[in-house]
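Hi,

Here is the structure I promised to pass on. Have a look at it first, and then read my notes underneath.

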Amino acid sequence: MSTPRELNFKFKEGDRVTEINRMRQLCVGPAISTASKNQVLRILSATRSGTVSSVGVIQNLKGARRIYVDVIWDGSKLTSRHEQMRLALLDNV
């Protein structure tokens, strides 16, 4: 029987984090104007920054343990849960 591997937490409560840019696709037809296309691309490429409110481990149905981070984004009162691989420390960006 194998032993569970040690989990490494990249963040702790109170850390300032930002989203890592991820590839996003936008499919539009020739009828859309360039200004509208640029506005949509600007919204999609914007990254958020926020503060870590809690860090925890969640086990999926197959038994794999994943580290999740609850973040309060700037300009919002609600928390959202993300895997730690989607976030980076704000100082490192």
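**What I found**

Asp74 is partly exposed, with a relative accessible area of 46%. Keep in mind as you read that this is a predicted model. The partner of Asp74 is Arg16: the two form a salt bridge, with the closest N and O atoms 2.9 Å apart. Since Arg16 lies in strand 1 and Asp74 in the loop between strand 3 and strand 4, the pair ties together parts that are 58 residues apart in sequence. Arg16 itself counts as partly exposed, because its relative accessibility is 33%.

Now the overall layout. The chain has one helix and five strands, and along the sequence they follow the pattern β-α-β-β-β-β. Of its 93 residues, 19% are buried. As for contacts with a separation of 6 or more, 55% of them are between residues 24 or more positions apart. The chain exposes about 7,300 Å², and 53% of that comes from carbon and sulfur atoms.

Next, the inside. In soluble globular proteins, nonpolar side chains tend to be buried together. Here the largest nonpolar core has seven residues, namely Phe11, Val17, Val52, Val69, Val71, Trp73 and Leu87. Strand 3 (residues 65–73) gives the most to this core, with three residues. If you want one residue to click on, try Val69: beyond its neighbours within four places in sequence, its contacts include Phe11, Val52 and Leu87. Polar residues also touch Val69, among them Ser54, Ser80 and Gln84.

Strand 3 is also worth following into its hairpin. Strand 3 and strand 4 run antiparallel and are joined by five bridges, and one of the pairings puts Val71 opposite Ser80 in strand 4. Five residues sit between the two strands, and in this hairpin Gly75 takes a positive phi near 85 degrees. The side chains of Asp70 and Arg81 meet in a salt bridge as well, at 3.0 Å from N to O. Asp70 lies in strand 3 and Arg81 in strand 4, so this pair ties together parts that are 11 residues apart in sequence. Asp70 counts as buried because its relative accessibility is 13%, under the 20% cut-off.

How many salt bridges are there in total? The count comes to six. Glu19, Arg48 and Arg86 are joined into one network by salt bridges that share partners. Another salt bridge links Lys12 to Asp15, with the closest N and O atoms 3.5 Å apart. Lys12 is exposed, with a relative accessible area of 57%, whereas Asp15 is buried, at 14%.

Arg48 turns up again in a polar contact: its backbone oxygen lies 2.8 Å from a polar atom of the Thr18 side chain. Thr18 is in strand 1 (residues 16–19) and, at 6% relative accessibility, counts as buried.

Last, is Met85 buried or exposed? Met85 counts as exposed, because its relative accessibility is 54%. You will find Met85 in the loop between strand 4 (79–83) and strand 5 (87–89). Leaving aside neighbours within four places in sequence, Met85 is in contact with Lys10, Ile20 and Arg66. From Met85 to Val69 it is 16 residues in sequence and 9.7 Å in space, C-alpha to C-alpha.

Cheers

Notes. Residues numbered from 1 in each chain as written. Predicted model: local features only at pLDDT ≥ 70, side-chain atom pairs only at ≥ 80, totals over all residues. Heavy atoms only, no water. Core = buried A, V, L, I, M, F, W, Y, C linked by side-chain atoms within 4.5 Å. Buried < 20%, exposed > 50% of the residue type's maximum accessible area, 1.4 Å probe, protein only. Helix = DSSP H or I, 4+ residues; strand = E, 2+ residues; numbered from the N terminus. Contact = heavy atoms within 4.5 Å. Polar contact = N/O pair within 3.5 Å; in protein donor to acceptor, adjacent residues only side chain to side chain. Areas by Shrake-Rupley, 256 points an atom, 1.4 Å probe, with all protein chains shown as cover. Pairing = 2+ DSSP bridges. Salt bridge = Lys/Arg side-chain N within 4 Å of Asp/Glu carboxyl O.
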